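This report describes the strand arrangement, the nonpolar core and the aromatic contacts of one protein chain. The sequence and the structure are shown first.

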Amino acid sequence: MQPRPDLAPLPAPVRPDPVRDRWTAPMRLAIAEAALALPTGDVPVGALLLAPDGTVLGRGHNEREAVADPTAHAEIQAIRQAAAAVGEWRLTGCTLVVTLEPCTMCAGAIVLSRIDRVVYGALDEKAGAAGSLFDVMRDRRLNHRPEVIPGVLADACATQLRTFFDGHR
């Protein structure tokens with residue numbers, strides 16, 4: 001006897017996650033920012049730095065190839081732009097939204113700039129410093145530890161990166 005399709009169990013409902021859902025729209029903007037890295041052959045990583053009210057203070061995408069600067073990561077670009085916009089190196093109350101888990105350099109800059117929250121998409125198991133390989137931002141020995149919200153639009157962020165690397169292999 002074959003099972004009747006009309007009696008098949010329904011898939012489990014997807015539970016909304018208000019914390020992650022809040023960051024979906026800004027992450028889509030970060031994904032669009034990441035695409036700006038492609039014409040120069042840079043790895044497509046995008047970042048936005050948001051004021052406490054949600055206003056974009058800074059944005060950035062990887063530009064290491066474009067400007068021949070090993071520190072030209074998306075996060076660093078966004079932090080520099082935001083600091084210039086507010087006229088202050090302390091970015092207290094701000095949120096960094098980035099498509100890829102920050103590396104150790106970027107994690108250090110995040111801690112030093114006193115950013116309150118980091119929201120990221122794809123894990124970086126080879127160089128991530130927000131929980132994957134290292135956990136710099138939540139190290140209790142440091143004087144500032146931002147909240148970390150991982151996995152926002154992780155599949156879309158990972159797909160953008162995978163597509164880039166598939167084309168370069």
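Two strands are taken to pair if DSSP finds at least two bridges between them. The model discussed here is predicted.

## Sheet architecture

The strands form an open sheet of five members in the order S2-S1-S3-S4-S5, and the pairing is mixed. S2 and S5 are the edge strands, each pairing on one side only. From one strand to the next, the twist averages 15 degrees.

Two helices pack on this sheet. H2 touches S1, S2, S3 and S4, and its direction makes about 135 degrees with that of S1. H6 touches S3 and S4, with an angle of about 60 degrees between its direction and that of S4.

## Strand S1 and its antiparallel partners

Strand S1 spans residues 46-50, and five of its five residues are buried. Burial applies to both faces: Gly46, Leu48 and Leu50 lie on one side, Ala47 and Leu49 on the other.

On one flank, S1 pairs with S2 (residues 56-61) in the antiparallel sense over five bridges. Within this pairing, Leu48 has Arg59 as its bridge partner, while Leu50 is matched with Val56. The two strands form a hairpin with five residues between them, and Gly54 in the turn adopts a positive phi of about 95 degrees.

S1 also pairs with S3 (residues 95-100), again in the antiparallel sense, over four bridges. Here the bridge partner of Ala47 is Val98.

## The parallel part of the sheet

S3 and S4 pair in the parallel sense over five bridges, and Val97 has Val119 in S4 as its bridge partner. Between these strands the chain passes through H5, and the resulting β-α-β crossover is right-handed.

S4 pairs in turn with S5, in the parallel sense, over three bridges. Val119 stands opposite Ile149 in S5. S4 is mostly covered, with six of its six residues buried.

## The nonpolar core

Which residues touch the most other members of the largest nonpolar core? They are Met27, Leu49 and Met137, in a core of 43 residues. At least two residues of this core come from each of the following elements: helices H2 (24-35), H4 (74-86), H5 (104-112) and H6 (154-167), together with strands S1, S3, S4 (117-122) and S5 (147-149). In soluble globular proteins, nonpolar side chains tend to be buried together.

Leu49 links this description to that of the sheet, as a buried residue of S1. For Met137, neighbours within four places in sequence are left aside; its contacts then include Ala107, Ile110, Val111, Val118 and Val148. Further contacts of Met137 are Pro102, Ala129, Ala130, His144, Arg145 and Pro146.

## The aromatic pair

How many aromatic pairs does a search of the whole structure find? The search finds one. Phe164 and Phe165 form this pair, with ring centres 5.1 Å apart and 75 degrees between the planes, an edge-to-face arrangement.

Are the two rings' residues buried or exposed? Phe164 counts as buried because its relative accessibility is 8%, and the cut-off for burial is under 20%. Phe165 has a relative accessible area of 32% and is therefore partly exposed, as this value falls between the 20% and 50% limits.

Definitions and conventions:
Residues numbered from 1 in each chain as written. Predicted model: local features only at pLDDT ≥ 70, side-chain atom pairs only at ≥ 80, totals over all residues. Heavy atoms only, no water. Buried < 20%, exposed > 50% of the residue type's maximum accessible area, 1.4 Å probe, protein only. Core = buried A, V, L, I, M, F, W, Y, C linked by side-chain atoms within 4.5 Å. Contact = heavy atoms within 4.5 Å. Right-handed = clockwise from strand over helix to strand, strands pointing away. Phe/Tyr/Trp six-rings, centres within 6.5 Å; stacked < 30°, edge-to-face > 60°. Axes fitted to C-alpha atoms, helices over the stretch in contact; angles between N-to-C directions.
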